[in-house]
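Colleague: I want the reasoning behind the labels for this one. Can you take me through it?

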Amino acid sequence: MRRRLLALCCASAFLAAGCGMLPRGSERHTVTVWLMKGSASQDFLDRFTEDFERGHQDIRLEFRIQEWTGIVDKVHKTLRAGSGTGPDVIEVGNTQVSQYVEGGKLTDLTLESMRDWGKRTWLPGLAEPGQAGSRQFGIPWYAANRVVIYRKDLFEQAGINRPPRTRDEWLADTEKLNSGGNQGIYLAGQDWYTLSGFIWDEGGELADETDGLWQGTLDTPAALRGMDFYRRLQALGAGPVGADEEHPPQAGVFADGKVAQIVAVPGLTQSILQQNPELKGKLGYFPVPGRTAGRPGSVFTGGSDLVVPQNTDDPDGAVAVVAALTGAKWNTELARTMNYVPNKTTLASAVDGAEGVAAMAAGAAHGRATPNTPQWTAVEADNPIKEYMTRVLGGADPQTEARRASERITEALAPSLG
């Protein structure tokens with residue numbers, strides 16, 4: 001889930017209010033911020049820049065928009081560059097922070113996090129990946145996560161007058177919906193992000209760390225319970241057991257009109273309605289149900305953190321920009337503008353008026369991220385979790401397949417012995 005651009009010079013209409021009026025003899029210096037394409041609208045950046053520069057009359061902001069493709073190598077390169085040659089602030093994917101922490105190229109922002117930035121109320125799915133041990137390098141900016149997108153009309157036809165709030169209710173309702181030629185839910189067999197939430201809800205992990213060594217843990221009783229729930233839910237539809245949610249794209253499957261529910265980010269609605277405008281007004285959202293009614297299910301949290309390279313020649317200016325972008329005023333404004341989840345649980349009420357975003361925010365309070373190790377990219381490169389899921393859904397023994405997948409995860413996470 002990304003966007004942004006350029007700095008704004010104060011127009012003459014603001015001169016009377018003091019915009020751009022610097023103390024005699026002083027000049028603005030530039031703070032450069034790399035943001036990812038699509039993360040913020042130009043209008044948001046213009047308004048933020050005007051407000052920030054009015055309050056920091058020694059700073060000129062420059063936003064440079066980056067593409068996600070190839071960004072990891074590009075960030076590594078700029079972190080290795082000489083002082084003052086690269087950006088002062090960088091937006092990175094929340095699960096990417098651990099890759100950049102290695103080598104000591106990021107600024108430790110623990111003190112500011114604990115003293116001024118409300119660390120205790122950050123979304124865990126953004127805050128935890130930004131940590132290395134007890135130190136905070138990535139500062140949560142915004143989040144997005146999966147919810148259940150559902151057909152209100154099909155729920156009504158099945159006699160279901162409110163969305164389910166527990167897993168048991170979800171299974172019972174989905175079974176009712178899985179009739180008359182309709183799929184109760186379309187859930188692809190290899191949607192491992194959704195499976196992760198069920199595993200976390202049961203108290204399990206994809207992998208765990210002991211004394212600095214990572215080990216795959218899909219074969220624990222808790223993780224196996226999560227897979228068993230996935231199996232029962234997935235069976236109440238016709239999702240392919242040997243493919244993920246993008247093969248075929250589930251937006252197109254849902255748009256065909258015979259599916260009651262999918263698990264996806266609310267933004268997928270736009271694609272659904274483009275393919276089937278007749279569904280306008282018929283779609284709703286609810287958080288992925290949890291084991292009990294009082295707590296929504298755990299979900300994988302996507303989103304972005306902000307980091308400050310150690311080679312910045314203006315650490316104070318960089319910290320000031322991070323503080324403003326992640327502070328309550330502009331973080332809630334970003335969430336409202338872009339339909340994101342704010343970075344703090346205490347700011348969730350800012351998006352109450354948007355049904356899909358409010359459902360995301362409820363789940364994000366219990367969100368998680370993938371194991372916080374740079375080696376996790378090796379796991380996803382040849383993902384054994386997908387193969388494990390397909391085998392179990394095809395009737396193979398869960399314990400045997402979970403042990404095999406866990407061994408492959410452990411091998412991928414093992415530190416180099418060479």
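Modeller: Start with the second largest pocket. This is a predicted model. About 300 Å³ of space lies in that pocket. Its lining has 17 residues, and E209, W214, N372, T373 and P374 are the closest to its centre.

Colleague: What makes a residue count as lining the second largest pocket?

Modeller: A lining residue has an atom within 4 Å of a grid point. For this pocket, 17 residues line it. By class they divide into seven nonpolar, seven polar and three charged. α3 (97-101), β4 (131-132) and β9 (213-216) each supply at least two of them.

Colleague: Why is the other space, of about 60 Å³, called a cavity?

Modeller: In a cavity a 1.4 Å probe fits but cannot get out, whereas a pocket is an open set. The largest cavity has a volume of about 60 Å³. Among the residues lining it are R146, Y193, F198, V263 and F300. Two elements give two or more residues to that lining, α8 (192-201) and β12 (299-307). The largest share, four residues, comes from α8.

Colleague: How do you class the lining of the largest cavity?

Modeller: It has six nonpolar, three polar and one charged residues. Gly counts as polar, and G197 is in that lining.

Colleague: Why is α12 called oblique to α13?

Modeller: Helix α12 (residues 315-326) and helix α13 (residues 328-338) pack at about 55°. Roughly parallel needs under 35 degrees, and roughly perpendicular starts at 65. The angle fits neither, so α12 is oblique to α13. Their axes are 4 Å apart.

Colleague: Which residues meet there?

Modeller: A324, L325 and T326 in α12 meet A328, W330 and N331 in α13. That contact has four nonpolar, two polar and no charged residues.

Notes: Residues numbered from 1 in each chain as written. Predicted model: local features only at pLDDT ≥ 70, side-chain atom pairs only at ≥ 80, totals over all residues. Heavy atoms only, no water. 1 Å grid on protein atoms, 1.4 Å probe; cavity = no way out; pocket = protein on both sides within 12 Å on 5 of 7 lines; lining within 4 Å. Points joined across faces, edges and corners; volume = space filled by probe spheres on them. Axes fitted to C-alpha atoms, helices over the stretch in contact; angles between N-to-C directions. Parallel < 35°, antiparallel > 145°, perpendicular 65-115°, else oblique. Contact = heavy atoms within 4.5 Å.
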